[in-house]
Amino acid sequence: MSRSAHPAGPRHADVYPEGHYTAPATDLNELDPKVWSRTVTRDADGALTVGGIEVARLAEEFGTPAYFLDESDFRARCRAWSDAFGPDADVFYAGKAFLSRAVVRWLQEEGLNLDVCSGGELATALDAGMPAERIAFHGNNKTVAEIERAVEAGVGRIVLDSSQEIVRVAHVAQRLGVRQRVQIRVTVGVEAHTHEFIATAHEDQKFGIALADGLAAEAVRRALTLDGIELIGIHSHIGSQIFDMAGFEVSARRVVQLLAEVRDEHGVELPEIDLGGGLGIAYTSEDDPREPHEIAKALSDIVTRECESAGLRTPRISVEPGRAIVGPTAFTLYEVGTIKPLEGLRTYVSVDGGMSDNIRTALYDAEYSVALVSRSSDAEPMLVRVVGKHCESGDIVVKDAFLPSDLAPGDLIAVPATGAYCRSMASNYNHALRPPVVAVRDGEARVIVRRETEEDLLRLDVG
Ligand code: LLP
């Protein structure tokens, strides 16, 4: 996942007998702006503040574990993406990374569109007032009920993922007496350099329709004959948490090649292409993500060049960043419960959350950083594994990191870059109560998703 192999710094093999862990070169009190959201800093007493509020106050008011989302950072990242792509392109925030009514409102205010991939995400978007024409509806197995809801609402586009779905959407639209704008999602045959579970453009997986063997061309042929749908473009999403632009460039080139084939066969120039999301963020100081303007330039240069050489008008480009917008904007705040030094190995630090609020470490071997945030400390670094309170030894939040050796129960620690795919993938395992999301901005903090209660759990249990 994250490219960092181990915490970096000078070797302390005698302190850490496993030999391959090295103590951090930097002061543990330093907060690397690459992994922390923009308004995070330490105050004069050494405590972390976000949006001008100290973490101890946040913990007291909202409890732990909790996600704190830096709203001005979120808005700034939305603007950076839309400014980078400019008026001739569309940015769709991928709601699967994290979605709530407040987020939908921020997106509207910052001029972004929204990509949803389920009936639940669609319902949230519509409920919060996102105009349907600014919504793209995704998914590899949308139900007929979901398709009907999306078509009735008037979503701007449905991204078709299979040959069955082309017909299914066309029939629903025809029945409802409308012509639904659609894109076809293709798999371009690129091996993205990321974890196997989040790579989506190689051929042996469930998403999209392969360019290989003429399958995508066949899908286009079929879509162009059906009255209920208007084919507006081709979509490709190659995977997630990707740093290398090469995969996106190959994908863009292959999508443009398909546009040229469509023009040659049908005399139609499809007006849009969507190059998906997937841009990586920094989870640790070792990661070096690209800035939105670099990404925009690389993508638009390649599309323009390929279209020129194919004699095509340049299509309107859209992108769907999720993680790159929300990921860096939040941290999870935990309270330390127990500390177990294992002689010759490492120290296990147990916190009051775990795999129910962040499954990514267990699922993808994701790497995270962690810091003591309720105070600063000049104590020696100790190698730790931050673990949760669930009944699994794989319940790991941060696999290898350093914290000060005077860490004590009751201290607050925070894991940065948990804005994406943490709350949205949270579970009730062991009947854990999913933590709240608290938006912090200009000295004010407000709950945007409240903490679950035991009543919430019991309400579903109707036996
Ligand atoms: N567009 C499509 C069609 C997608 O499937 C996805 C993510 C995105 C956009 C947004 O990708 P992003 O910019 O956030 O990388 N749970 C995994 C990530 C799964 C991504 C699924 N699709 C994780 O925690 O790493």
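Here are two short exercises on this predicted model, each with a worked solution.

Residues are numbered from 1 along each chain as its sequence is written. Local features need pLDDT of at least 70, side-chain atom pairs count only at pLDDT 80 or more, totals for chains, interfaces and linings use all residues, and side-chain values use heavy atoms, leaving out hydrogens and water.

**Exercise 1.** Find out which backbone oxygens the side chain of Arg 42 reaches.

*Solution.* Start with the place: Arg 42 sits in strand β1 (residues 41-42), a strand being a DSSP run of E with at least two residues. Next, look at its surroundings. Arg 42 is buried and has no salt bridge; buried means under 20% relative accessible area (1.4 Å probe, protein chains only), and a salt bridge is a side-chain nitrogen of Lys or Arg within 4 Å of a carboxyl oxygen of Asp or Glu. The nearest side chain of opposite charge, Asp 27, is 7.3 Å away. Now the oxygens: that of Asn 29 is reached at 2.6 Å, and that of Arg 375 lies 3.3 Å from a polar atom of the Arg 42 side chain.

**Exercise 2.** Work out where the largest nonpolar core lies.

*Solution.* First, the term: a nonpolar core is a set of buried Ala, Val, Leu, Ile, Met, Phe, Trp, Tyr and Cys residues joined through side-chain atoms within 4.5 Å. The largest one has 108 residues, and Phe 74, Tyr 93, Ile 184 and Ile 413 have the most contacts inside it. Finally, domain 1 (13-70 + 328-460) and domain 2 (138-321) both contribute residues, so this core lies between them; the domain bounds come from an automatic or database domain assignment.

Technical notes: Helix = DSSP H or I, 4+ residues; strand = E, 2+ residues; numbered from the N terminus. Buried < 20%, exposed > 50% of the residue type's maximum accessible area, 1.4 Å probe, protein only. Lys, Arg positive; Asp, Glu negative; His and termini not counted. Polar contact = N/O pair within 3.5 Å; in protein donor to acceptor, adjacent residues only side chain to side chain.
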